[in-house]
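Take a moment with the sequence and the structure below. Then follow the text with your eye on chain A.

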Amino acid sequence: MGDKVRFFGPWQRLTAQLWLLALVALLFADIEVISVDPWAELSRLALGVISPDFFATEFLLSALWQTVNFALLGVAFGIVLGGPLALVYQHPFVAASCAMVRGVHELFWALLFLQIFGLSPLTGILAIGLPYGATFARVFHDILAQSPSTTERGLPFNTDPLSRYVYGRLGHVYPLMLAYIRYRFECALRSSAVLGFIGMPTLGFYLETAFRQGQYSEGAALLMLFILLIGTISLWAKKNLIPVYLLAALWTIPDIGIIDGGLLWRFVFYDLLPPGIQGVIYTQMELSDGLNQFYQWLASITINQALPGVFATVILALSALGLSHLVALIAHLVASQHSGSKYRAVAGQLGLLVLRSIPEYILAFVLMLLIGPSMLPAIIALALHNGALIAFLLVKQEQGITPSATYKKRADFFAYEILTRVYPNLMGLLFYRFEVMLRETAIFGILGVATIGFYIDSAFAEIRYSNALYLLAVTALLNVVIDFSARKLVARQVEDSIAHGRSCIT
Amino acid sequence: MLRLEALTLSYGDRKVIKDLSLSIEQGEKVAIVGASGVGKSTLLAHIYTQLNSQAAYCAQSQGLVDALSVFHNVYMGALARHHFGYNLLNLIRPQTHRINEVSELCSALLLDVALNKTVSELSGGQRQRVALARALYQQQSTFIGDESFSSLDPVMAQQLIAQVLSRHPTVIMVLHDCQMALNYFDRIVGLQDGEIALDAPSQILQPEHLIAFFDRKVGSVSDNGG
Amino acid sequence: MLFSRISLLLLSFILVPTVCAQTFTFTAIPDENESQLQTRFNKVARYLEQELGVDVKYVPVKSYAAAVTAFRNNQVQLAWFGGLSGVQARRLVPGSDAIAQGYEDQFFKSFFIAHHSVELVASSNFPNLNGYTFTFGSKGSTSGRLMPQFFIERNIGKQAKEIFSRIGFSGDHSRTIAQVEAGAYQIGAVNYKVWESAVEKGLVDTSKVRVIWETPAYPDYQWTVRHGVEQTFGSGFEAKLKAALLNMKDPELLASFPRLSFVEAENQDYEPIESVAIAIGLLD
């Protein structure tokens with residue numbers, strides 16, 4: 001045994017495990033192809049795409065502008081929140097709290113805040129800022145951990161802790177942090193648009209209506225504008241202009257309105273209390289009756305909603321993880337400047353832009369018409385979106401790679417020279433995105449796939465906030481468990497930094 | 001000023017410094033010599049931890065922050081002298097007075113680069129001088145240097161060492177240049193295998209006494225081991 | 001720098017004067033065609049402003065649940081609710097009144113539509129739906145979910161999830177039609193008005209999807225005014241508002257809902273809706 005030369009290294013093992021997990025998940029997934037004749041609807045859709053109507057949407061410019069506003073203010077709030085948290089992230093309590101906050105989709109944060117702040121922009125800003133802050137805390141912490149300690153050691157002895165920290169640590173890694181913030185800003189634009197689905201005055205408000213009601217010319221126009229907005233970020237989001245934009249955002253955000261402390265009080269101390277407990281506190285219900293009712297409620301919601309929801313969510317996310325790996329590999333090959341002609345690379349990168357910009361909701365919506373309402377549209381939509389996003393980041397990374405003199409633009413050379421170099425990053429990104437996929441399953445819940453998001457959406461629709469809170473808490477805990485075990489799994493396989501997410505940034 | 005007695009330092013199981021005793025008085029200019037791996041850097045780092053608030057330390061690893069400018073890297077030598085608010089202000093908007101100080105120091109070190117250049121753009125020799133400038137900018141009475149001139153040509157090295165010596169009453173420096181040690185330092189300490197094998201005033205020493213303490217030909221310019 | 005801006009933002013929340021509470025605010029989601037929502041309903045707001053003599057503002061919302069929340073939180077004082085959402089809202093704000101409904105809402109109904117591959121024929125008898133796939137509309141919709149689910153469960157005597165091999169919530173009546181037409185679901189429940197106008201506009205291929213059953217009549221959309229408007233806007237405000245709604249004759253305004261006219265309504269008209277919602281477990 002010991003003499004045998006082994007070529008099955010940690011990366012191969014990790015890949016094999018990933019695929020095994022995904023295949024097992026697929027066994028349990030509902031992937032029936034159902035649709036019989038989607039062509040009538042699809043031809044209407046195609047007609048919409050070739051005849052986009054840019055004048056069908058009222059207040060279009062305002063919607064575009066508010067999309068940017070919410071993203072900017074959300075990210076700014078996220079930085080203010082996540083920056084200091086990054087310094088204490090090593091504390092397990094902080095890490096777990098952040099993982100819980102991250103585990104809840106922006107849409108659900110928004111639905112929660114909606115109960116307190118109504119349609120005030122505060123709802124949208126907090127819904128982006130809170131989970132983004134938790135993400136910044138983790139990623140900034142991971143980035144700071146890579147900062148070399150040599151500088152700090154050589155600093156003058158009596159240097160105060162803050163200067164020591166800023167010059168000695170932050171100085172090393174702030175370009176990485178800025179790059180990460182830039183990347184998150186793009187994500188925030190998507191989040192901001194998606195918050196329109198529940199009523200924020202962003203592009204998504206009109207986009208969702210247009211697609212839901214079959215006004216495809218309007219929908220296509222909005223989608224094109226949105227892709228354009230994301231594709232040209234580097235042109236309009238100049239570093240020097242950011243303060244100007246921020247100030248402009250503060251001026252032009254819709255009226256905040258009145259914050260009513262009573263609503264917060266009522267929401268937290270009445271609405272969120274589960275049945276039984278509420279009865280005991282606010283009515284004359286006997287404690288034993290109350291506890292009994294509470295127990296009935298807890299058992300019923302756990303067995304009928306939480307457990308099946310968690311199961312479907314994990315199955316969906318794991319299947320999508322495997323497929324994302326495949327999509328990322330193929331999309332990367334197609335869009336890489338090292339694998340084909342320049343034109344193909346440009347076309348490929350355009351494709352990546354489109355796939356990563358279109359909200360998964362819209363992708364799944366179209367796929368649902370094509371292949372029916374099983375879990376399959378959701379799996380494919382998640383994989384396309386995340387695969388394209390990963391491929392996009394890889395293409396950016398490999399710009400710094402100079403291949404050997406004998407390099408030819410062929411798949412085999414590509415596999416030897418380029419893929420091997422970016423593969424650790426690919427896997428790192430994939431594991432990092434898994435958390436995102438888990439969260440994004442929420443959106444398909446709203447489309448009707450029975451993930452836990454489906455039950456949460458139902459709880460909000462039925463105005464049963466205690467149900468919503470319980471299911472959200474389950475979602476958040478699920479994320480903590482998965483975050484923890486994924487780090488363990490990856491760290492055991494590959495000792496270096498991928499478990500810490502280093503490769504996710506550069 | 002500094003008194004080490006029966007000092008032993010280890011890296012894991014391996015003893016790097018064994019039972020070493022050394023005392024250095026204020027105003028002394030001490031060169032530490034020795035072949036690669038005898039524990040010079042370890043000893044020097046230890047000396048710094050003993051003297052800390054009185055000494056400026058220019059380590060071999062330099063500790064430069066690649067993403068920051070030349071100005072900021074040098075200014076870091078002054079962090080302990082200023083309030084943190086002032087330090088942050090200088091990070092965002094360097095103050096004219098400090099720019100002038102740093103600029104003056106850089107020209108004294110023959111470092112002719114724009115102060116707003118990031119250090120990642122500099123050559124090895126330039127980086128070494130930025131690290132040196134940072135240590136000088138600490139304005140301490142004692143300078144502790146670990147092969148601070150290894151990437152420089154001998155002529156420049158001599159000019160710089162004169163700067164270091166004129167600005168600090170006490171200098172403790174690891175050197176890889178025999179001639180420089182003899183010409184500029186009062187006292188030479190030679191390390192062998194973690195112990196002091198030689199400790200004598202430089203007037204009584206000749207280059208051939210020191211051969212055993214250098215890896216290669218006497219007076220070789222650079223050696224990044226140790 | 002960033003921080004100071006954020007705190008400025010937070011400060012501005014506290015300093016916003018409370019006078020804007022004097023504006024009379026309403027919301028409405030029509031059961032079809034949500035395009036140009038704001039533009040269309042701003043005209044309704046101008047009409048009400050004229051009739052009532054107070055500032056009137058329209059707030060667009062995306063869902064029945066959002067409308068109910070806004071109503072409960074006094075962010076709107078008047079809402080054009082569906083049958084179920086109106087009941088929910090009035091339960092949450094006791095003392096609120098349904099004051100007017102659409103002419104058609106007195107005898108509203110839902111259609112069950114089926115893909116042509118389904119071997120069920122149109123009939124006045126309740127079809128045997130066992131084993132098919134089925135889609136409702138939005139989860140909080142009266143015509144797309146509540147009443148269809150009630151009639152299904154009452155007629156078949158089982159819970160919906162035991163009857164169908166797959167249940168979906170398309171989210172919207174137009175979606176339901178599209179998904180059944182595409183065969184993604186075999187059967188769906190849809191608001192009769194949305195179906196009729198889609199057929200009229202030629203948006204449905206009636207050789208692919210057809211109506212197989214229609215529900216008995218039930219009350220649906222209504223205007224509900226929030227408890228406490230008399231204190232804010234003066235006594236007699238509710239009566240004035242009711243008159244303004246009932247007298248809305250401009251076809252352009254009525255087309256936004258879309259309704260022929262508005263007629264009187266009161267809370268007890270919706271008692272059947274409430275008991276149905278309790279029966280299928282949507283309300284406690």
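What follows goes through the domains of chain A and then the nonpolar cores.

Keep in mind that this is a predicted model. Start with how chain A is divided. The domain assignment gives two domains. Domain 1 is made of residues 9-38 and 274-506. Domain 2 covers residues 52-271. The C-alpha centres of these two domains of chain A lie 20 Å apart.

Now look at where the two domains touch. Domain 1 of chain A gives 31 residues to the contact, and domain 2 of chain A gives 30 residues. Stay on the side of domain 1. Several helices give two or more residues here, among them α14 (277-282), α16 (342-357) and α17 (360-371) of chain A. Further along chain A, α19, α20 (452-461) and α21 (465-493) do so as well. The largest share, nine residues, comes from α21(A). By class, this side of domain 1 of chain A has 18 nonpolar, nine polar and four charged residues.

Next, turn to the cores. The largest nonpolar core has 229 residues. Which of them touch the most other members? In chain A they are Leu107(A), Leu316(A), Ile379(A), Ala391(A) and Leu471(A). Chain C adds Ala67(C) and Ala79(C). Helix α19 (residues 411-447) of chain A gives this core its largest share, 18 residues.

Zoom in on Leu107(A). Leaving aside residues up to four places away in sequence, Leu107(A) touches Val194(A), Leu195(A), Phe197(A) and Ile198(A). Leu107(A) also touches Ala442(A) and Ile443(A).

Finally, find the second core, which is separate and has 65 residues. Its members include Ile32(B), Ile47(B), Ala55(B) and Ala133(B).

Terms used: Residues numbered from 1 in each chain as written. Chains lettered and ligands numbered in written order. Predicted model: local features only at pLDDT ≥ 70, side-chain atom pairs only at ≥ 80, totals over all residues. Core = buried A, V, L, I, M, F, W, Y, C linked by C-beta atoms within 7 Å. Buried ≥ 20, exposed ≤ 12 C-beta atoms within 10 Å, placed from the backbone. Helix = DSSP H or I, 4+ residues; strand = E, 2+ residues; numbered from the N terminus. Contact = placed C-beta atoms within 7 Å. Domains from an automatic or database assignment. Nonpolar A, V, L, I, M, F, W, Y, C, P; charged D, E, K, R; others polar.
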